[in-house]
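I opened this entry to record what I looked up in the structure, site by site. The notes follow the order in which I went through them.

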Amino acid sequence: ADAVATDVHACHKPSLPPGAKPIACCPPNYEDKEPIEYVIPKYTSLRIRTPAHDYADLDKYTKAITIMKSLPDDHPHSWTQQSRIHCAYCHNSYTQVGHKGVEMQVHFSWIFLPFHRWYLYFYERILGKLINDPTFALPFWNWDAPEGMEMPAIFTDRRSPLYNALRNQNHLPPTLVDLNWNGRSTGVDGSGDVEANLATMYRQVYEVKRPLCFYGKPYRAGDKPLSGSGNGSGSIELVPHNTVHSWTGDKTQPNIEDMGALYSAARDPIFYCHHANIDRMWSVWKSFGREDITDPDYQNASYVFYDENLNLVTVKNSDAFDTKKLGYDYKQLDLPWLKYKP
Ligand code: C2O
């Protein structure tokens, strides 16, 4: 076999779930461009991502998002385009290089973590560029610690560009997130339960030792998406990734939009904050001495993005294993769940 690669030139209309308003998801002006291989830029100081409930850079973030939202829809850095990247990569917009008609799908397999790392990487760099700050760093929603278990307040202020109306209105602060959410709450009074959440973190992250169980099943060139009954998702993608998505989305919408559906999730600014913690959990898991996957079909899987300098670039998994190489890191925090062996 071979590694999956994105055929950007084969981009077409997405196939959306019933009830979704039709949208286009392909990037602007890619037709006559050939993506170039990405060279990771050098940096002088590391970007340090910090928890959303204790985020010192809110003014910068708000300013950057305001600028992003003011760009015309067809600008690669616009808010609309950034959210459509997610739609394009998970609703049958892209096909795979060398496999006409076979969808490029970034969920349900071992490419889930590296794809989303690259996605956030460019999102962060673009925001930094828009405010001329090469050290700008994203916040993460640290739902894995008691102090981070509410929906972060920076996203619930109605006057903020980080606000989004399409969320579950019963889950606003001070309701606690339920990391095991399956449509109804397991805790008392519709709230999540701190101890149950911590035990979930232990089970889904610490206790999962084999790389394929954590990352997900192999997905190689020519493979159809591993969704449905043959779901190839790793432990972290299923829980808490999927559960926090559907816990956040608005249950009264046809597909739990925005956060509860793949095509619409990245329209909610909280998406990137949730994913920053998923990405952090990957770093945390590695800090336990766990291994990367060495299979070349994993190492060489690649995606296409617009970078902060408007170059259309190709990036691959093996360049994403070390966040410091990518110029960012996470603030070190206690991991209370390590003491929650069931
Ligand atoms: Cu691409 Cu949280 O999903």
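**Entry 1: H116.** I began with the contacts of H116: leaving out residues up to four places away in sequence, H116 touches H275, I278 and D279. I note at the outset that the model is a predicted one. I then looked up where H116 sits, and found H116 in helix α3. Is H116 buried or exposed? The cut-off for a buried residue is 20 or more other C-beta atoms within 10 Å. I counted 24 other C-beta atoms within 10 Å of H116, so H116 is buried.

**Entry 2: H107.** I turned next to H107, which I located in the loop between β5 and α3. H107 has 23 other C-beta atoms within 10 Å and is therefore buried by the same cut-off. For its contacts I again set aside residues up to four places away in sequence; H107 touches C90, F112, E237 and L262.

**Entry 3: the annotated binding site.** I consulted the UniProt record, an unreviewed entry, for the annotation "binding site"; according to that record the annotation covers H86, H107 and H116. These residues are spread over 31 residues of sequence, yet they cluster in space, with a largest C-alpha distance of 10.4 Å.

**Entry 4: the annotated domain.** In the unreviewed UniProt entry I also found the annotation "domain: Tyrosinase copper-binding", which the record places on residues 107-124 and 268-279. I checked the secondary structure of each segment. Residues 107-124 are 72% helix and 0% strand, and I found their end C-alpha atoms 21 Å apart. For residues 268-279 I noted 83% helix and 0% strand, with end C-alpha atoms 18 Å apart.

**Entry 5: helix α1.** I tested the length of helix α1, residues 58-70. Its 13 residues should span 18 Å at 1.5 Å a residue, and the end C-alpha atoms are 18 Å apart, so the two values agree. Which residues of α1 are buried? I listed Y61, A64, I65 and M68. I found that they lie on the same side of α1, because they cover an arc of only 100° around the axis. An α-helix has 3.6 residues a turn, so residues three or four places apart point the same way. On the other side of α1 I recorded D59 and S70 as exposed. I then asked what the buried residues of α1 pack against. The partners are α2 (79-90) and α3 (112-130).

**Entry 6: strand β3 and P51.** I followed strand β3, residues 47-51, to its pairing partners. β3 runs parallel to strand β9, residues 328-330, and 3 bridges join the two. Within this pairing, I noted Y328 of β9 as the bridge partner of R47. β3 is also joined to strand β6, residues 139-140, by 2 bridges, and these strands run parallel. Here I found P51 opposite F140 of β6.

P51 belongs to strand β3, and I looked at its surroundings in detail. P51 counts as buried because 21 other C-beta atoms lie within 10 Å. Apart from neighbours within four places in sequence, P51 is in contact with P139, F140, N142, G148, K331 and L333. I also checked P51 against Y330: they are 279 residues apart along the chain, while their C-alpha atoms are separated by 8.9 Å.

**Entry 7: the antiparallel sheet.** I traced an open sheet of 3 strands in the order β1-β4-β5, with antiparallel pairing. β1 (6-7) and β5 (99-103) stand at the edges with a single partner strand each, so one side of each has no neighbour in the sheet. I counted 2 bridges in the antiparallel pairing of strand β4, residues 95-96, with β5. Q96 stands opposite H99 in β5.

**Entry 8: the mixed sheet.** I recorded another open sheet of 3 strands, ordered β2-β8-β7, in which the pairing is mixed. Its edges are β2 (36-37) and β7 (302-306); each has a single partner strand, so one side of each is left without a neighbour in the sheet. β2 pairs with strand β8, residues 312-316, in the parallel sense over 2 bridges. I closed the entry with the bridge partner of I36, which is V313 in β8.

Key: Residues numbered from 1 in each chain as written. Predicted model: local features only at pLDDT ≥ 70, side-chain atom pairs only at ≥ 80, totals over all residues. Helix = DSSP H or I, 4+ residues; strand = E, 2+ residues; numbered from the N terminus. Expected span 1.5 Å × (residues − 1). Buried ≥ 20, exposed ≤ 12 C-beta atoms within 10 Å, placed from the backbone. Arc of directions from axis to C-beta. Contact = placed C-beta atoms within 7 Å. UniProt positions renumbered as here; feature names shortened; annotations may be inferred. Pairing = 2+ DSSP bridges.
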